[in-house]
Amino acid sequence: MASRESKLLTALVRMADSLVEGYDPIEIAQQLVDVIVEVLPVDTAGSMLADHRGRLHVLASTSEATRLLELFQIQSDAGPCLTAYQEGVPVLVPDLGAQRERWPAFADRARAEGWASVYALPMRLRTDRIGAINLFASPRTGQVGTADITAAQSLADVATIGILHARTLADSVSVSAQLQRALNSRVVIEQAKGMLAEQGHVTLDAAFAALRTYARNTNTRILDLAMAVIDYRVDMTTIITHRPGQAQ
């Protein structure tokens, strides 16, 4: 079994590869939260990115429940992820109950969903802040230590560099415009996810997993595949029933 350090090194290499394989902020953000849940003692994670007006939007999550909890923070304008983005510093909450007064509505909802702790980290590069990530842990997950937070922040920093790399990939398009385009793309993916869930009678999490698996195995950008789903240019049943390594 691979050691934690080995997994982290592999994760950093995978994140760094995204800098040269083509700029896709959605894939970078999704890879970030997936990797964090894979290698660190947390149960789920989500990421938010800011648009050109500084308003946060959910860009990636490891589950539908996490996405909804992230949206709740945005709608209520309160929560650790917003604070981490606004202040540009990590917001560590190992005991949500003990810090309920800081974000009462968020704390109550998160605890009702089984989360005991949350760790919000800014996505930043020097003075540029583009968003934040949220990591959630249940009581049975175990302790999230200083080394874990450092590792998560390092992964977030690499992802931030990948997203800001848009500056060199678009001659005259601003970073904010690139981020706005990514947020618009997320809407398309959410629509495709809903269509797949309805067609296959599966959960939204299962539909998204199928969409991503099919995109990876066919070397297709997830946005392009989502647009094909919406336009009925691809058989949705094929996507839902597809398995890793399955021949096309």
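This section describes the fold of the protein, its helix packing and a set of individual residues.

The model is predicted. The secondary structure comprises 11 helices and five strands. The protein has 248 residues, and 48% of them count as buried. Long-range contacts were also counted. Among contacts between residues at least 6 apart in sequence, 64% join residues at least 24 apart.

Helix α2 spans residues 25-39, and helix α6 spans residues 146-164. The two helices pack at an angle of about 170 degrees. Their axes are 9 Å apart. Angles over 145 degrees count as roughly antiparallel, and α2 and α6 are therefore roughly antiparallel to each other. On the α2 side, the residues that meet α6 are Pro25, Ile28, Leu32, Val35 and Ile36. They meet Ala152, Leu155, Ala156, Ala159, Gly162 and Ile163 in α6. By class, this contact has 10 nonpolar residues and one polar residue. Charged residues are absent from the contact of α2 with α6.

Helix α5 covers residues 104-112. Its buried residues are Phe106, Ala107 and Ala110. These residues lie on the same side of α5, because they cover an arc of only 95 degrees around the axis. The buried residues of α5 pack against both helices and strands. The helical partners are α3 (64-76) and α4 (80-87). The strand partners are β4 (117-125) and β5 (128-137). Gly114 follows just after α5 and takes a positive phi of about 100 degrees.

Two residues of helix α3 were examined in detail. Thr66 is placed in α3. Thr66 counts as buried because its relative accessibility is 3%, and the cut-off for buried is under 20%. The side chain of Thr66 makes a polar contact of 2.7 Å with the side chain of Ser63. Beyond its neighbours within four places in sequence, Thr66 is in contact with Thr44, Ala45, Gly46, Ser61 and Phe136.

Arg67 is also in helix α3. Its relative accessible area is 18%, so Arg67 is buried. The side chains of Arg67 and Glu64 are joined by a polar contact of 2.7 Å. With neighbours within four places in sequence set aside, Arg67 is in contact with Val58, Ser61, Glu190 and Lys193. Ser61 is thus listed among the contacts of Thr66 and among those of Arg67.

Further along the chain, Gln199 is found in helix α8, which spans residues 175-200. Gln199 has a relative accessibility of 41% and therefore counts as partly exposed. Its contacts, leaving aside neighbours within four places in sequence, are Met236, Thr237 and Ile240. Gln199 and Thr237 are 38 residues apart along the chain. Their C-alpha atoms are separated by 7.4 Å.

Thr213 lies in helix α9, which covers residues 204-217. Thr213 counts as buried, because its relative accessibility is 15%. The side chain of Thr213 reaches the backbone oxygen of Ala209 at 2.8 Å. Thr213 was also compared in position with Ile239. The two residues are 26 apart in sequence. Their C-alpha atoms are 8.4 Å apart in space.

Positive phi values were also found in residues other than glycine. One is Asn219, with phi near 55 degrees. Asn219 is placed in the loop between α9 and α10 (222-230). The relative accessible area of Asn219 is 75%, so this residue is exposed. Another is Tyr232, which has a positive phi of about 60 degrees although it is not a glycine. Tyr232 lies in the loop between α10 and α11 (236-241). At 62% relative accessibility, Tyr232 counts as exposed.

Key. Residues are numbered from 1 along each chain as its sequence is written. This is a predicted model: local features need pLDDT of at least 70, side-chain atom pairs count only at pLDDT 80 or more; totals for chains, interfaces and linings use all residues. Side-chain values use heavy atoms; hydrogens and water are left out. Buried means under 20% relative accessible area, exposed over 50%, partly exposed in between (1.4 Å probe, protein chains only). Helices (H or I, at least four residues) and strands (E, at least two) are DSSP runs, numbered from the N terminus. The arc is that of the directions from the helix axis to the C-beta atoms. Contact means heavy atoms within 4.5 Å. Axes are lines fitted to C-alpha atoms, for helices over the stretch in contact, and angles run from 0 to 180 degrees between N-to-C directions. Angles under 35 degrees count as roughly parallel, over 145 as roughly antiparallel, 65 to 115 as roughly perpendicular and the rest as oblique. Ala, Val, Leu, Ile, Met, Phe, Trp, Tyr, Cys and Pro count as nonpolar, Asp, Glu, Lys and Arg as charged, and the others, Gly among them, as polar. A polar contact is a pair of N or O atoms within 3.5 Å; within protein, one must be able to donate a hydrogen and the other to accept it, and residues adjacent in sequence count only if both atoms are side-chain atoms.
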